[in-house]
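Work through the exercises below with the sequence and the 3D view at hand. Try each task before reading its solution.

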Amino acid sequence: MNNEHFDINSEFIDLIKKNKKYISKSFNFPLKDDDDNNEYIIDINRKRANITRCTYQERYEVHQQLLRLDIDNKPHINPDGTRISGNHIHIYSDDYGDGFAFELDDSILNKINPNFDVNEFKIDIKKEDRLYDYFLAFSDFCNIKNIPQVQFTIG
């Protein structure tokens, strides 16, 4: 799919762009933005079947998924048949919900956050603390400023 035709709700882009701060240190990180005091959640889900698999989600007001980063997951097939690798990001849209995923170097990421360097998602798969590096990169992509120190272990 050519991402020029992927329509992202501008309200969701505005929500993603707001600076947010972690307000707890659990695996569900509640957030509030600096402007309107809107509530968000970043949650981290480690899949048991594959110890290197991890999912990071940004949700708005508990239920509305905005972004989902899947690491070491199975490849994703988009509604248009495009196959995406196992490391990918889902971006919510009004037309497809969270059904569309994009490669971590797709230019659409800079449409959402022009200040984000997609190279932050280029993480050595052999690096022991890579899940923490993905957490840091995802937090940066979501414009989260006070990132808590979290220990991720493989195994």
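Three exercises follow, each with a worked solution.

This is a predicted model, where local features need pLDDT of at least 70, side-chain atom pairs count only at pLDDT 80 or more, and totals for chains, interfaces and linings use all residues. Residues are numbered from 1 along each chain as its sequence is written, and side-chain values use heavy atoms, with hydrogens and water left out.

**Exercise 1.** Find how many helices and strands the protein has, and in what order they run.

Solution. Step one: use DSSP runs, with helices (H or I) of at least four residues and strands (E) of at least two, numbered from the N terminus. Step two: count them; there are 3 helices and 9 strands. Step three: read from the N terminus; the order is α-β-β-β-β-β-β-β-β-β-α-α.

**Exercise 2.** Locate the largest nonpolar core and the helix that gives the most to it.

Solution. Step one: take buried Ala, Val, Leu, Ile, Met, Phe, Trp, Tyr and Cys residues joined through side-chain atoms within 4.5 Å. Buried means under 20% relative accessible area, exposed over 50%, partly exposed in between (1.4 Å probe, protein chains only). Step two: the largest such core has 40 residues, and Tyr56, Leu67 and Phe121 are among those with the most contacts inside it. Step three: helix 3 gives the most to this core, with 7 residues.

**Exercise 3.** Place Asp117 and decide whether Asp117 is buried, partly exposed or exposed.

Solution. Step one: Asp117 sits in the loop between helix 2 and helix 3. Step two: its relative accessible area is 40%, so Asp117 is partly exposed. Step three: the C-alpha atoms of Asp117 and Phe141 are 8.4 Å apart, with the two positions 24 residues apart along the chain.
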